[in-house]
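Thanks for coming. I will go through one structure today, starting with its surface and ending with a single backbone angle.

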Amino acid sequence: MTPGYELAPLVVPITRTLIVAGAVASRDYQDVHHDAELARAKGSPDIFMNILTTNGLVGRYITGRLGPGAVLRKVAIRLGAPNYPGDTMTLTGTVTEVDGATAQVRVVGANGLGHHVTGTVTVTLPEVEA
């Protein structure tokens, strides 16, 4: 793996179930993640995904593309456009640095509104025997 290597994209359908299940699994009971009526009362057009679910999807993307031996060392992400039900998020990644068995990957997750998530993931890859 070398800098510039592009990981295959991952398309994630954003469903109401994914948003609610991710919030519950991460113990985030804020109403904007599960109650559409209360989310609208707070100015959002619908419920939206929380950052912990997004973080999990980014981790799934990296380990899914780099293999089960890949170990996440650092995940640094920023949220942008919300993920609403009915949209699709496409995660893409580009290796920016490689130092021995450690790589840094720039990750972007885009939806119909723009970039939902941007950031970098530092990952250690298993040593390959010659």
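The chain exposes about 7,200 Å², and carbon and sulfur atoms supply 54% of that area. Before going further, note that this is a predicted model. The chain has 130 residues, of which 39% count as buried. Taken along the principal axes, the C-alpha atoms fill a box of roughly 60 × 25 × 20 Å.

On to the fold. There are three helices and five strands, and along the sequence they follow the pattern β-α-α-α-β-β-β-β. If you take contacts between residues at least 6 apart in sequence, 64% of them join residues at least 24 apart.

Next, the core. The largest nonpolar core has 27 residues, and the members that touch the most other members are I62, L91, V107 and V123. Which elements supply at least two residues each to this core? They are β1 (6-13), α2, α3, β3, β4 (102-111) and β5 (114-124). The largest share, five residues, comes from α3.

L91 is worth a look on screen. Leaving aside residues up to four places away in sequence, L91 touches P9, L10, V12, L57, V58, Y61, V107, V108, G109 and V117. V107 is on that list, and V107 is also one of the residues that touch the most other core members.

Now helix α1, residues 16-25. Which residues of α1 are buried? They are I19, G22 and A23. These three cover an arc of only 100° around the axis, which means they sit on the same side of α1. The general background is that an α-helix has 3.6 residues a turn, so residues three or four places apart point the same way. Among the things covering the buried residues of α1 is α3, residues 51-66. The face of α1 turned away from the buried side carries T17 and A25, which are exposed.

That brings me to the charged pairs. How many salt bridges does a search of the whole structure find? It finds two.

One of them starts in α1: R16 pairs with D46, with the closest N and O atoms 2.8 Å apart. R16 is in helix α1 and D46 is in the loop between α2 and α3, so this salt bridge ties together parts that are 30 residues apart in sequence. As for accessibility, R16 has a relative accessible area of 42% and is partly exposed. D46 has 12% and is buried.

The other salt bridge is between D31 and K42, where the closest N and O atoms are 3.0 Å apart. D31 lies in the loop between α1 and α2, and K42 in the loop between α2 and α3, so the parts tied together here are eleven residues apart in sequence. Is D31 buried or exposed? Its relative accessibility is 19%, and the cut-off for buried is under 20%, so D31 counts as buried. K42, at 57% relative accessibility, counts as exposed. Besides K42, D31 touches L38 and I47, again not counting residues up to four places away in sequence.

Back to the surface for a moment. M1, Y5 and V98 make a nonpolar surface patch of about 260 Å². V98 belongs to strand β3, residues 88-99. With a relative accessibility of 33%, V98 counts as partly exposed.

Last, the backbone angle. Where does R27 sit? R27 is in the loop between α1 and α2, just after α1. R27 has a positive phi of about 60° and is not a glycine. For context, most residues other than glycine have a negative phi. R27 is exposed, with a relative accessible area of 66%.

To recap the points I would keep in view: the 27-residue core takes its largest share from α3. That helix also helps cover the buried residues of α1. The two salt bridges are R16 with D46 and D31 with K42. R27 is the residue to look at for the positive phi just after α1.

Key. Residues are numbered from 1 along each chain as its sequence is written. This is a predicted model: local features need pLDDT of at least 70, side-chain atom pairs count only at pLDDT 80 or more; totals for chains, interfaces and linings use all residues. Side-chain values use heavy atoms; hydrogens and water are left out. Buried means under 20% relative accessible area, exposed over 50%, partly exposed in between (1.4 Å probe, protein chains only). Helices (H or I, at least four residues) and strands (E, at least two) are DSSP runs, numbered from the N terminus. The arc is that of the directions from the helix axis to the C-beta atoms. Contact means heavy atoms within 4.5 Å. Patches are made of residues with over 30% relative accessible area and no salt bridge: like charges are joined within 9 Å, nonpolar side chains (Val, Leu, Ile, Met, Phe, Trp, Tyr) within 5 Å. Accessible areas come from the Shrake-Rupley method with a 1.4 Å probe; for residues, only the protein chains shown count as cover. A salt bridge is a side-chain nitrogen of Lys or Arg within 4 Å of a carboxyl oxygen of Asp or Glu. A nonpolar core is a set of buried Ala, Val, Leu, Ile, Met, Phe, Trp, Tyr and Cys residues joined through side-chain atoms within 4.5 Å.
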